[in-house]
Amino acid sequence: MPDIPTTGLILTGGGARAAYQVGVLDAVANIRRHSDAPPGNPFPVIAGTSAGAINSTALACGADDFDKAVNGLVHIWRNFRAEQVYRSDSIGVIRTGASWLTMMSVGWMIARFRRARPRSLLDNSPLDVLLAKLIDIRRLKQVMRDGHVQALAVTASSYGSGLHVTFYDAVKDIVPWTRSQRIAVRSDVGVPHLLASSAIPFVFPAVPLVIDGHIEYFGDGSMRQSAPISPAVHLGAERILVVGAGRMHEPPGERPASGEYPNVAQIAGHALSNIFLDALAVDVERLQRINSTLGLLTPEARARTSLRPIDVLVIAPSKRLDDIAAKHLGSLPAPIRALLRGVGVSGRGNDARGAALASYLLFEAPYTRELMALGRSDTFARRDEVMQFFGWKPRSRIPAAAQAESLVASK
């Protein structure tokens, strides 16, 4: 029996958009149950960024029962409420968002009279509580020792040094790597790393982490992430499933242009899209070029290079998540709607403005359920590619009811 290549999983960032990842994982688990797939966790190497780091760590800590771990994520994301991630009550919004906006506008006037130092638009202290319930980080070492997972990596960006840092833990003695503007640090991954990795700039506060014996403040790992696939490769993955949450597979065609000057929300949404989405497409293209180049070399020439071909399957939304978010702006708590209205998020559906920004903050069940349904639908539509990627053969056809689940969940 041939050796099974080490399979890596990469879950990218995107705030509430990460619900799409859970739909993809749910469909992969379903396809796996109806195939001749070997037992156990199909992803020995797992790497995540931002909200993807949270999903990745939950999977890694539950790697001894992959289906159960996926079901746990499905339950959380299917029943999400914004208040589980950030303070969405009037008092909480006034203490953070309103104060932050005030400092941005007239801070030069009030800074002389009081110590007003709001650190972010929103207070994400509830996320700390949720992570403690969602992830039993103490299990990670045990599942690694038991052989259920080989390595886990989460990434964050240092505001102090400007470096992009990959914190990883692994069974093997993997030497930390250093590249231009990015380094790897072997560490016991914990909740603080997840909070740091998912600290969307301006929106959530920076998180202090110890690195090289001193404290640095970190923000979202998608910032300055020039090579999102790299950690999985360094950790030994020979083929990689990448689950994106952006515009790689969205419908083609021009978007309606507007002659109006963009408001703060539109500019912020555009900036976040650049942070979260663009690097992945560039890295996938780079890897595909390397694979093509290696394919042109003779076996002798390939043996003389340290590069190796990496099979990559990318699953990304087939619909624009901004448009889906625009339908669900009314699901946000009233204080958050009022806060976002202050920076330009308004309207609904085709008349919405600033929906791109809201798409990262819409931790509400109507939105997350629709994204999960889209993830399942996109994955089932590429079932043959998924089977070929893993080398699975069908044991039975997936029941129509299972594939139709995505349609039910979106209602």
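Author: Before we start: a residue counts as buried when its relative accessible area is under 20%. Also, this is a predicted model.

Reader: OK. Is Arg-376 buried or exposed, then?

Author: Arg-376 counts as buried, because its relative accessibility is 2%.

Reader: Which side chain does Arg-376 meet in a salt bridge?

Author: That of Asp-26, at 3.2 Å from N to O. Arg-376 lies in helix α15 (residues 365-381) and Asp-26 in helix α1, so the pair ties together parts that are 350 residues apart in sequence. Asp-26 also counts as buried, at 9% relative accessibility.

Reader: Why can side chains pair up like that?

Author: Side chains of opposite charge can pair when their charged atoms come close.

Reader: How many salt bridges are there?

Author: The count comes to 13 salt bridges. One of them joins Glu-370 and Lys-327, with the closest N and O atoms 2.8 Å apart. Glu-370 is in helix α15 and Lys-327 in helix α12 (residues 321-327), so this pair links distant parts of the chain, 43 residues apart.

Reader: Are Glu-370 and Lys-327 buried or exposed?

Author: Glu-370 is buried, with a relative accessible area of 14%. Lys-327 is partly exposed, at 45%.

Reader: Which residues do shared salt-bridge partners join into one network?

Author: Lys-141, Asp-169, Arg-186 and Asp-188.

Reader: Back to α1. At what angle do α1 and α3 pack?

Author: Helix α1 (residues 19-33) packs with helix α3 (residues 66-78) at an angle of about 145°, and their axes are 10 Å apart. The crossing is left-handed. On the α1 side the contact residues include Val-22, Leu-25 and Asp-26. On the α3 side they include Phe-66, Val-70 and Trp-77.

Reader: So Asp-26 turns up again. What classes of residue make the contact of α1 with α3?

Author: Nine nonpolar, one polar and four charged residues. Asp-26 is among the contact residues of α1, and Asp-26 also forms the salt bridge with Arg-376.

Reader: New topic, strands. In which sense do β7 and β8 pair?

Author: Strand β7 (residues 207-211) and β8 pair in the antiparallel sense, over five bridges. Leu-209 stands opposite Glu-216 in β8.

Reader: What sits between the strands of that hairpin?

Author: Two residues lie between the strands, and in this hairpin Asp-212 takes a positive phi near 55°.

Reader: And how many bridges does β8 have with β3?

Author: Three bridges, again antiparallel, between β3 (residues 151-158) and β8 (residues 214-220). Here Ser-158 stands opposite Phe-218 in β8.

How values were computed
Residues numbered from 1 in each chain as written. Predicted model: local features only at pLDDT ≥ 70, side-chain atom pairs only at ≥ 80, totals over all residues. Heavy atoms only, no water. Axes fitted to C-alpha atoms, helices over the stretch in contact; angles between N-to-C directions. Helix = DSSP H or I, 4+ residues; strand = E, 2+ residues; numbered from the N terminus. Left-handed = near helix turned anticlockwise from the far one by under 90°. Contact = heavy atoms within 4.5 Å. Nonpolar A, V, L, I, M, F, W, Y, C, P; charged D, E, K, R; others polar. Pairing = 2+ DSSP bridges. Salt bridge = Lys/Arg side-chain N within 4 Å of Asp/Glu carboxyl O. Buried < 20%, exposed > 50% of the residue type's maximum accessible area, 1.4 Å probe, protein only.
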